[in-house]
Amino acid sequence: MKCHELEASLRHAPPAPVYLVLGEEDYLRDRALTIIRSAVLGDGGGDEFTHDVFHGDEAAASDVISCASEIPVFAARRLVVLKSADKVPAREGESFLAYLAAPCDSTTLCFVASKLDGRLKFAQRLSQSAVIVECSPLKGPQLTTWIYQEARSLDVGLDEQAAAALKDGSGESLYALRRELEKLAAYLPTGQVARAADVELLRGTEPGASVFDLTEAIAARDRGRAVWILARNLEAGEAPLRILGALVWQYRRLWKVKDLVRQGGREGEAARTLRMDPVHVRSFVGSFTDSHLKEAFRLFLETDSKLKGGSGGSGSLILESLLLTLCERHRDTVVPPVPAGRVSRPSAGRPVSNVRTIRSVKR
């Protein structure tokens with residue numbers, strides 16, 4: 001079944017004991033997992049007693065099976081997720097055969113993979129026993145339909161030219177498309193239909209002047225580059241409050257990812273949140289200490305007050321002072337900063353939306 005069919009089926013039937021979320025589109029895989037988790041554990045998402053996540057290239061099959069066979073505590077069902085199931089060694093995979101023949105009634109075991117080797121007994125049995133949720137990349141009319149559906153969920157109206165512009169500029173990445181739609185939702189007045197010009201405006205064109213570049217410059221303590229990025233966006237007509245909002249938005253994401261990494265989350269999940277190369281996630285996030293983040297939010301509050309009339313200074317000077325202070329406070333960081341240029345940003349063939357385009361940030 002497709003992802004939307006999964007959601008519809010779970011409204012009328014209990015979760016299945018075994019799911020296989022299969023396909024190369026990571027947005028759809030994540031979406032399917034969210035739907036299954038909500039159906040099994042409720043909107044709260046469960047806790048350590050009812051929700052366990054393993055990874056196929058790390059966990060032993062016996063540990064996954066043992067966890068799936070446990071009776072849930074303080075809940076009707078438990079959810080066990082095995083990500084990267086395609087990386088389970090063949091011998092380990094065969095250990096699942098007995099469980100798949102008689103899965104635990106009170107557990108939903110969810111296997112997640114971009115693809116499986118159909119020659120393996122494990123893959124063959126899993127395909128026969130599990131409810132398969134197909135998460136293949138969307139093409140052509142399917143992609144267009146998805147764009148309109150997601151736009152409606154965000155209360156965004158699109159004309160045909162806007163939908164075509166989104167489709168042509170996304171590289172068919174659903175995560176990239178969703179981000180552009182979220183920008184439109186925050187930027188457009190209620191009831192206004194988005195046009196192609198709106199899509200292009202929010203997408204941005206100037207390389208090296210994004211909110212991602214700005215946080216990279218702060219991590220590297222490169223005051224000159226931070227001020228240069230600020231100047232480029234002010235010259236482009238971006239309001240100081242919007243630039244501050246974009247920076248606050250990115251710092252919130254940094255804090256979220258630090259918690260994820262601290263709790264044992266994998267770089268791939270953190271990379272999707274920060275939209276960067278998983279190889280550099282840990283070192284990049286590590287350059288922002290908890291003390292720096294706490295101090296940054298205190299500075300953001302002060303800067304917001306100054307920009308809204310609590311100071312007689314100009315917006316550009318107030319923001320420049322903020323950036324210089326953030327770079328300076330990084331000198332107390334014990335973790336070596338990330339050298340400028342090391343962070344790989346998404347869509348190598350296209351610059352990321354610049355700070356000017358982060359009008360989507362809801363402060």
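**Close-up views of a predicted model**

**View 1. Two helices lie over the open sheet.** Start with helix α3, residues 61-68, which lies across β2, β3 and β4 (107-113) and runs at about 160 degrees to β3. Helix α6 (residues 121-129) does something similar with another set of strands: it lies across β1 (18-22), β4 and β5, at about 110 degrees to β1. Keep in mind that everything shown here comes from a predicted model. Underneath is an open sheet of 5 strands, in the order β2-β3-β4-β1-β5, with parallel pairing. The edges belong to β2 (51-55) and β5 (131-134); each has a single partner strand, so one side of each is left without a neighbour in the sheet. Going from one strand to the next, the twist averages 20 degrees.

**View 2. Here is how β2 meets β3.** Zoom in on the edge strand β2 and you'll find 5 bridges joining it to β3 (residues 78-83), with the two running parallel. For a landmark, look for His51, which stands opposite Leu79 in β3.

**View 3. Ser84 has an unusual backbone angle.** As a bit of background, most residues other than glycine have a negative phi. Ser84 is not a glycine, yet its phi is positive, at about 50 degrees. You'll find Ser84 in the loop between β3 and α4 (90-94). With a relative accessible area of 18%, Ser84 is buried.

**View 4. Arg221 also has a positive phi.** This one comes just after α11, and its phi is about 60 degrees. Arg221 sits in the loop between α11 and α12 (223-235). Is Arg221 buried or partly exposed? Its relative accessible area is 27%, so Arg221 counts as partly exposed. Helix α11 itself (residues 211-219) is mostly covered, with 9 of its 9 residues buried. Among those buried residues are Val211, Phe212, Leu214 and Ile218, along with Asp213 and Glu216.

**View 5. Leu158 sits in the largest nonpolar core.** This core has 39 residues, and Cys110, Leu158 and Leu184 touch the most other members. Helix α2 (residues 26-41) gives the core its largest share, 8 residues. Apart from this core lies another, of 26 residues, with Leu214, Leu247, Leu254 and Phe288 among them. Back at Leu158, which residues does it touch, leaving out those up to four places away in sequence? The list is Ile147, Tyr148, Ala151, Ala163, Leu166, Leu181, Leu184, Val193 and Ala194.

**View 6. Helices α2 and α9 cross.** The axes of α2 and α9 (residues 174-187) come within 7 Å and cross at roughly 75 degrees. The two helices are therefore roughly perpendicular to each other. On the α2 side, the contact is made by Asp26, Tyr27, Leu28 and Asp30; on the α9 side, by Leu174, Tyr175 and Arg178.

**View 7. Ala8 sits in the opening helix.** Look for Ala8 in helix α1 (residues 3-10). With 29% relative accessibility, Ala8 counts as partly exposed. Its C-alpha atom is separated by 9.9 Å from that of Ile35, and the two residues are 27 apart along the chain.

**View 8. Two cysteines are buried.** A disulfide is a covalent bond between the sulfur atoms of two cysteines. How many disulfides are there in this model? The count comes to 0. Cys67 is buried, at a relative accessible area of 7%. Cys327 is buried too, at 1% relative accessibility.

Key
Residues are numbered from 1 along each chain as its sequence is written. This is a predicted model: local features need pLDDT of at least 70, side-chain atom pairs count only at pLDDT 80 or more; totals for chains, interfaces and linings use all residues. Side-chain values use heavy atoms; hydrogens and water are left out. Two strands pair if DSSP finds at least two bridges between them. Helices (H or I, at least four residues) and strands (E, at least two) are DSSP runs, numbered from the N terminus. Axes are lines fitted to C-alpha atoms, for helices over the stretch in contact, and angles run from 0 to 180 degrees between N-to-C directions. Contact means heavy atoms within 4.5 Å. A nonpolar core is a set of buried Ala, Val, Leu, Ile, Met, Phe, Trp, Tyr and Cys residues joined through side-chain atoms within 4.5 Å. Buried means under 20% relative accessible area, exposed over 50%, partly exposed in between (1.4 Å probe, protein chains only). A disulfide is a pair of cysteine sulfur atoms within 2.5 Å. Angles under 35 degrees count as roughly parallel, over 145 as roughly antiparallel, 65 to 115 as roughly perpendicular and the rest as oblique.
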